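Got the viewer open? Here is a short walk through the model, one selection at a time.

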Amino acid sequence: MPIRQFIPSLLIPALLCVAAHVQAPPQKPAPKTTVPPPAQIPAQEAIPSPVSRHYPILIVAHGNEPSWSLRLGMKGPERLDRSGYPPIILDPADIVADQADPSGNSWTYNAKDDVTGADVAVTLTRDPCSDNMSDTKYTFRVQVTHAQIGQLQGCGQSEPDKFPEFRKKNQLDMPDDTATTDKDKEKDKKLAVLDPITGFRSPTAVAYLDSAGRVIVARGQLHKNAGLGMEPALSHDGRFLLYTRSASTTAPQRSIVLYEVDSGRSTPVAGDNVRQAFWSLDDSHFAYLKYDGQNWQIWTAPTNAPDKATLFSPQYVDSLHGYVTPTTLLASDMQSAYFLSEDKPAQTIPLKDIYGETFQIMSSDTLRTNPLNPDLLLVSAYYVNAPAGAPADQVGLNETFFLYEIRSHRRTILGPPDTFARNAEWSRDGLQIFFTRGVPGKSALSTDRIFWDGTGLKRFSSGYNLVVGK
């Protein structure tokens, strides 16, 4: 084929394509189509953050009105403190999470009162708390329920530095290398939750009986013999002594003598068969028992005018136990204790409530109110059944002393179980107890001291029936 014929045949298709491109009318844009929105994806439920189910430990809680505090250690409640009372040691039991609280922020710590066995429950809730006494914001709300004492409300905070086990684990304290017996270790383990009593004041003026039955006044380095007598009562300033003196060892007539320590002068201030003198709280008056021929009654007299004595109460009693307030005296008979007052109705408490089933009632028993808390009684009494191994007197009885809380009826035996102990007396600061140790007629008598929480037992004096002036 000639070349000229071949070229047009090649160009024709190309030209046709160009012509088609040039002559084709413009196309309309494609109609818009509505794209349905994507289906809504349902939101997933929020996954809760993990909540620790482990109960909090090393917590210190406290509350006001009344004032109290509680230590919650590694295993649970360890100690409950209340203003005006010795601390209560607690024996931890089980710990239960509150099933009604879905947040897992509430726990109940069960325990037992180590002395009385009363049930104790501590409810701890992780919730901001204020004690209304300071600007401190606490982490926990705390409720303490004691079967005898009642319910206490307050706040708590984690304070591990206040717990010995934490301090020991973190080597914050020096180790104790003192060797102890297994028995001592068991006792120390229980008492370890108690803080040492350091704020006490040792008496600077006391009176007591020596082995010859003489009344001795000790004021600082001064020791004076006031003469033969019994039932000493020393004024709060230590300057004057009242004591009971018999006309003879066989005569029933007794008088009360006032002894001036500085001058050494003795003056009878009450007679006609009287006994058991006590100073008022300001030493302006003294009270005593006077026998009317059939019964004993309470009389009082001004210190500077003892001849102007008057009948304080018509109530017949067997024993007088001292002033509770400036106008109230504590006395008892064989059935009841009486708080007799000049300005308000008498309060009567059955002695069986105080003594329980453990102790028997005798007229020689002594009841003493704590100088700072009239709800707390110190009672010296005989056991109904002497503890095994305890020393007994000639009729097989053993005497000790215990604390009794009038409102809660809580009773705590403080006398050492291996001791015959009687005539327990408070110190003026209310933290120490002085008592006569020894079996009358069978062993030498002396005076020991113990703190109100049962710690710090030590020998104090070679005398007995000791009373504190200041």
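For this tour, a residue is called buried when its relative accessible area is under 20%, exposed when that value is over 50%, and partly exposed in between. By that rule Cys155, with a relative accessible area of 1%, is buried; we'll come back to that residue shortly. Keep in mind throughout that this is a predicted model.

**Stop 1: the whole chain**

Start with a cartoon view and colour by secondary structure. You should be looking at 33 strands and four helices in the protein chain. Of the 470 residues, 43% are buried. Switch on a surface if you like: the accessible area is about 26,300 Å², and carbon and sulfur atoms own 54% of that. As for contacts, take those with a separation of 6 or more: 40% of them are between residues 24 or more positions apart.

**Stop 2: the disulfide**

Now select Cys129 and Cys155 and show sticks. Their sulfurs sit 1.9 Å apart and form a disulfide, and a search of the whole structure finds just that one disulfide. The partners come from distant parts of the chain, 26 residues apart: Cys129 is in strand 6 (residues 119-129), while Cys155 is in strand 8 (residues 150-158). Which hand does this disulfide have? The torsion about the S-S bond is about -60 degrees, so it is left-handed. Cys129 is buried with a relative accessible area of 11%, and Cys155 is buried at 1%.

**Stop 3: the cavity**

Next, select Ser319, Ser332, Asp333, Met362 and Ser363. Among the 13 residues lining the largest cavity, these are the closest to its centre. The cavity has a volume of about 50 Å³, and the search turns up one cavity of 30 Å³ or more in the whole structure. Add strand 20 (319-325) and helix 4 (351-355) to the selection, since you'll want them in view: each supplies at least two lining residues. What classes of residue make up the lining? Colour by type and you get six nonpolar, four polar and three charged residues.

**Stop 4: the Glu65–Pro66 loop**

Move to the loop between strand 1 (59-63) and strand 2 (68-72), where you'll find Pro66. Glu65 lies in that loop too. Zoom in on the peptide bond joining Glu65 and Pro66: it is cis, with omega about 0 degrees. While you're there, check the backbone of Glu65, whose phi is near 55 degrees, a positive value in a residue other than glycine. Glu65 is exposed, with a relative accessible area of 78%.

**Stop 5: Asn273**

For another positive phi, select Asn273, a residue other than glycine with phi near 65 degrees. Look for it in the loop between strand 15 (266-270) and strand 16 (274-279). Is Asn273 buried or exposed? Its relative accessible area is 17%, which puts Asn273 in the buried class.

**Stop 6: Asn225**

Last selection: Asn225, in strand 11 (residues 222-228). Asn225 is partly exposed, at a relative accessible area of 42%. Show what surrounds it: leaving aside neighbours within four places in sequence, Asn225 is in contact with Arg214, Val215, Ile216 and Tyr259. Draw a distance from the C-alpha of Asn225 to the C-alpha of Arg214 and you'll get 6.7 Å, for two residues 11 apart in sequence.

Methods: Residues numbered from 1 in each chain as written. Predicted model: local features only at pLDDT ≥ 70, side-chain atom pairs only at ≥ 80, totals over all residues. Heavy atoms only, no water. Buried < 20%, exposed > 50% of the residue type's maximum accessible area, 1.4 Å probe, protein only. Contact = heavy atoms within 4.5 Å. Areas by Shrake-Rupley, 256 points an atom, 1.4 Å probe, with all protein chains shown as cover. Disulfide = S-S within 2.5 Å. 1 Å grid on protein atoms, 1.4 Å probe; cavity = no way out; pocket = protein on both sides within 12 Å on 5 of 7 lines; lining within 4 Å. Points joined across faces, edges and corners; volume = space filled by probe spheres on them. Nonpolar A, V, L, I, M, F, W, Y, C, P; charged D, E, K, R; others polar.
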